[in-house]
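Hello,

Here is the structure I promised to pass on to you. Have a look at it first, and then read my notes below.

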Amino acid sequence: METQKVDLVIRAKRTVFPDGIRPCAVCVSDGVIDGIDEFDAPVNAVKEIIVPDDQVLMPGLVDSHVHINEPGRTEWEGYESATRAALAGGITTVLDMPLNSNPPTTTLENLNVKRVAAEGQLSVDVGFWGGAVPGNVPDLETLWEHGVYGFKCFTAHSGIDEYGYLTYEQIKETLEEIARLDAVLIVHAEDSEILAQAPQIGGQKYQDYLNSRPRSAENTAIHNLLELAKETGARVHILHLSSSEAIDDIKRAKAEGVRVTVETCPHYLTFASEEVPDGATQYKCAPPIREDENRKKLWQGLIDGTIDHIASDHSPCTADLKHLEIGDFAQAWGGVSSVQLGFSAIWTAGKQFDIELQDIARWFAANPARNFGIAHKGEIAVGNDADFAIIAPDETFTVKVAELEHKNKISPYDGREMRGVVKQTILRGNTELTRDSKVGTELFHA
């Protein structure tokens, strides 16, 4: 009897799963993985791709923390440019933050504005976060019912006046609703009072900026959040962890059964404050890039599983807002543009710690997809979307920021040599994607 024909078979001697690497033939029909077989298994396929021996087949990466900024600040970044950059970086799924677009995604009406803005512009699949701001607890259930992946709040000023931060009492009220919905609150955790008391000198010295956002602000906010999560039973997720001092507190909370997950970012794992030149405001982000010893401890927390995810926190702006001509860290917008470079940055910095490709598949695909309910994403598995990145892990390149796909050509990675080149990205079985392809769709939480 004739074998049923599939649309596509991809054969790779090195296919990356969260638990290891092995040779496989991955079969795809109707944009979905419908079989995983031995590398040389006979397959009746319309199309066949054989991955070269010096390359690997990875799952499409999942970046759960991207600021796209459209509408309202589309000159900073928009759906067309941000998702094109993601595609170039092997990312097939992006979750869009509820700010710095305007209006922010804090009501159903505003969510619908975002959806309309995204139509016809997506190179990858995109889901939306909702926002938790003062006074919008009554809006959370409606947003959740309409597919947002959870809710983001700040414990200090967000940098955007229309997106207010929550006091700890307001966070408790929000978490009670989050627990009822079985949603998740994702938190930018820096204590507002500690930040207000820190020295605000400004100017070109990076150390002065670092002193203005001390790790005690991050540690305190995380501690208070964990206590509130324990009290309410709600799920919380700590965004962009930069202070390694908080790791022990997080370990304790996890051991006590607190429902907490944690992410860190490629720039915290790559850069160290000692190497940031004075006036180099392209490195400014909040929380800040800290010392090299801190960087190494973040890696340890990632490797031992205390930190669950990696996400880019791609937070771009126009060149003038970085004030590169004067290099004043107090005046410059805080955010690192890096969505296209996440894999290569992690793979390059992780060489020092002997990480494997399956580690990246777990941190940057499987874990965020599972923990945030991004259905059918994050892993090469039967029934999942046929999302892949074909990567040459040993090939090196020098970052040229002018050639990156994101809108404003500013990045601290400019001129840096990296390893790991994305050769091809496949989204839901589409193997002919170009920078102009717009086959991405909107995603809804499981």
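Helices (H or I, at least four residues) and strands (E, at least two) are DSSP runs, numbered from the N terminus. This is a predicted model, in which local features need pLDDT of at least 70 and side-chain atom pairs count only at pLDDT 80 or more, while totals for chains, interfaces and linings use all residues. Residues are numbered from 1 along each chain as its sequence is written, and side-chain values use heavy atoms, with hydrogens and water left out.

**The three-stranded sheet**

Let me begin with Thr-92, which sits in strand 7. Thr-92 has a relative accessible area of 0% and is therefore buried (buried means under 20% relative accessible area, exposed over 50%, partly exposed in between, with a 1.4 Å probe and protein chains only). The rest of the strand follows suit: six of the six residues of strand 7 are buried.

Strand 7 belongs to an open sheet of three strands, ordered 6-7-8 with parallel pairing; two strands pair if DSSP finds at least two bridges between them. Strand 6 (61-66) and strand 8 (125-128) are the edge strands, each pairing on one side only. From one strand to the next, the twist averages 20°. Four bridges link strand 6 to strand 7 (residues 91-96) in the parallel sense. Along this pairing, Val-62 stands opposite Thr-93 of strand 7, and Asp-63 stands opposite Val-94.

Helix 12 (residues 357-371) lies across strand 6 and strand 7 and runs at about 70° to strand 6. For such angles, axes are lines fitted to C-alpha atoms, for helices over the stretch in contact, and the values run from 0 to 180 degrees between N-to-C directions.

**Thr-92 and Asp-387**

What is Thr-92 in contact with, leaving aside its neighbours within four places in sequence? The list is Gly-60, Leu-61, Val-124, Asp-125, Asp-387, Phe-388, Thr-425, Ile-426 and Leu-427, where contact means heavy atoms within 4.5 Å.

Asp-387, one of those partners, is found in the loop between helix 12 and strand 15 (388-398). With a relative accessible area of 6%, Asp-387 is buried too. The side chains of Asp-387 and Lys-377 are joined by a polar contact of 2.7 Å. (A polar contact is a pair of N or O atoms within 3.5 Å; within protein, one must be able to donate a hydrogen and the other to accept it, and residues adjacent in sequence count only if both atoms are side-chain atoms.) With neighbours within four places in sequence again set aside, the contacts of Asp-387 include Met-58, Pro-59, Thr-93 and Arg-428.

**The six-stranded sheet and helix 7**

A second part worth your time is an open sheet of six strands in the order 9-10-11-12-13-14, with parallel pairing. Strand 9 (130-131) and strand 14 (309-310) are at its edges with a single partner strand each, so one side of each is left without a neighbour in the sheet. Strand 13 (residues 260-264) and strand 14 run parallel and are joined by two bridges; Thr-264 has Ile-310 of strand 14 as its bridge partner. Helix 7 packs on the sheet, touching strand 11 (184-188), strand 12 (235-238) and strand 13, and its direction makes about 165° with that of strand 12.

How do helix 7 and helix 8 lie, and at what angle do their axes cross? The axes of helix 7 (residues 215-232) and helix 8 (residues 247-255) come within 10 Å and cross at roughly 5°. The two helices are therefore roughly parallel to each other (angles under 35 degrees count as roughly parallel, over 145 as roughly antiparallel, 65 to 115 as roughly perpendicular and the rest as oblique). Ile-222, His-223, Leu-226 and Glu-227 of helix 7 make the contact with Asp-249, Ile-250, Arg-252 and Ala-253 of helix 8.

**Asn-294 and helix 11**

Asn-294 is in helix 10 (residues 292-303) and counts as buried at 4% relative accessibility. Its side chain makes a polar contact of 3.3 Å with the side chain of Arg-215. The C-alpha atoms of Asn-294 and Ser-243 are separated by 6.9 Å, although the two residues are 51 residues apart along the chain.

Finally, helix 11 (residues 342-349) is mostly covered, with seven of its eight residues buried. Among them are Phe-343, Ile-346 and Trp-347.

Best wishes
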